[in-house]
Amino acid sequence: MEVATLRIGHRLVRDDRVTTHSALVARAFGCSKIYMSDVDESIIRTVEKVATNWGQSDFLIEICDDWKKIVRMWKKNGAKVIHLTMYGMNVDNMIESLRTEAKILVVIGAKKVPRELFEIADMNIAIGNQPHSEIAALAVFLDKVFSGNELKKEFGMANYKIIPDLRGKSIEYKSDLNK
Ligand code: SAM
């Protein structure tokens with residue numbers, strides 16, 4: 001299954017950390033790509049550095065100024081467009097049917113999203129009907145759609161690899177990984 005995230009809206013400077021974290025969650029939770037608007041180049045560099053160090057350097061960040069164009073393109077390519085919003089249907093009632101899709105575009109907002117998105121999306125899905133955050137909503141949705149398997153994924157071409165440790169911090173470095 002190919003899954004990408006589209007984040008609509010960005011409040012300059014104020015949103016930098018949230019934007020960076022949305023991209024990091026998309027990467028760590030199994031997306032191949034994130035589309036974002038109005039973001040600072042430094043955010044892209046931060047995420048690229050994480051991907052270089054921790055793997056999957058082919059994770060893509062694309063800057064887009066026309067969200068509708070991205071939605072139309074994914075729909076045309078057969079994707080289901082899922083808008084995460086507290087006004088949507090309960091995720092657990094819809095997730096089963098989504099697990100068999102070949103392509104999904106997950107849309108999240110940085111602030112109030114255009115009304116039109118509610119109609120263009122194939123499904124408006126809620127991660128609970130209380131307001132919280134796009135980072136949390138994205139993580140929970142991706143974990144449910146991939147049934148938790150995304151957390152077992154190995155990220156190739158990494159400089160560092162964590163050796164899971166109950167009580168300390170263990171890291172393997174590239175020179176050791178290539179032995
Ligand atoms: N009241 C706003 C709204 O229209 O949803 C909340 C905006 S919130 C700061 C930013 C984004 O977080 C939303 O656009 C949505 O994608 C996501 N979000 C927040 N709460 C959510 C929930 N309960 N379920 C799904 N997505 C949620």
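In this predicted model, an oxygen atom of the ligand lies 2.6 Å from a polar backbone atom of Leu 84. A second backbone approach involves Gly 109, where a polar backbone atom is 3.2 Å from an oxygen atom of the ligand. A nitrogen atom of the ligand also takes part in such a pairing, at 3.1 Å from a polar backbone atom of His 132. The ligand would expose 550 Å² if taken alone, and the protein buries 85% of that area.

The space that the ligand takes is the largest pocket. Several elements give two or more residues to the shell around the ligand, namely strand 4 (80-90), strand 5 (103-109), strand 6 (123-126) and helix 6 (134-145). Strand 4 provides the largest share of this shell, with 4 residues. In total, 17 residues surround the ligand, and the closest are Leu 84, Gly 109, Ile 127, Gly 128 and Gln 130. Leu 84 and Gly 109 thus appear both in this group and in the backbone pairings described above, with Leu 84 at 2.6 Å and Gly 109 at 3.2 Å. Sorted by class, the shell consists of 10 nonpolar, 6 polar and 1 charged residues.

Strand 6, one of the elements that contribute to the shell, also holds Ala 126. The relative accessibility of Ala 126 is 0%, and this residue therefore counts as buried, the cut-off being under 20%. The C-alpha atom of Ala 126 is 5.1 Å from that of Asn 90, although the two residues are 36 positions apart in sequence.

Two further residues can be considered through their distances to distant parts of the chain. Gln 56 occupies the loop between helix 2 (41-54) and strand 3 (60-63). Gln 56 is classed as buried because its relative accessibility is 12%. Along the chain, Gln 56 and Phe 155 are 99 residues apart, while their C-alpha atoms are separated by 5.2 Å. Trp 74, for its part, belongs to helix 3 (residues 67-76). Its relative accessible area is 6%, so Trp 74 is buried. Between Trp 74 and Leu 142, which are 68 residues apart along the chain, the C-alpha separation is 18 Å.

The backbone angles of the loop between helix 6 and strand 7 (160-162) deserve attention, beginning with Ser 147, which is found there. Most residues other than glycine have a negative phi. Ser 147 has a positive phi near 50 degrees and is not a glycine. With 44% relative accessibility, Ser 147 counts as partly exposed, because that class lies between the 20% limit for buried and the 50% limit for exposed residues.

Met 157 is likewise located in the loop between helix 6 and strand 7. Its phi is positive as well, at about 55 degrees, although Met 157 is not a glycine. How is Met 157 classed, buried or exposed? The relative accessible area of Met 157 is 68%, so this residue is exposed, given that the class requires a value over 50%.

Definitions and conventions:
Residues numbered from 1 in each chain as written. Predicted model: local features only at pLDDT ≥ 70, side-chain atom pairs only at ≥ 80, totals over all residues. Heavy atoms only, no water. Near = heavy atom within 4 Å. Polar contact = N/O pair within 3.5 Å; in protein donor to acceptor, adjacent residues only side chain to side chain. Areas by Shrake-Rupley, 256 points an atom, 1.4 Å probe, with all protein chains shown as cover. 1 Å grid on protein atoms, 1.4 Å probe; cavity = no way out; pocket = protein on both sides within 12 Å on 5 of 7 lines; lining within 4 Å. Sits in = over half its atoms within 2 Å of the grid points. Nonpolar A, V, L, I, M, F, W, Y, C, P; charged D, E, K, R; others polar. Buried < 20%, exposed > 50% of the residue type's maximum accessible area, 1.4 Å probe, protein only.
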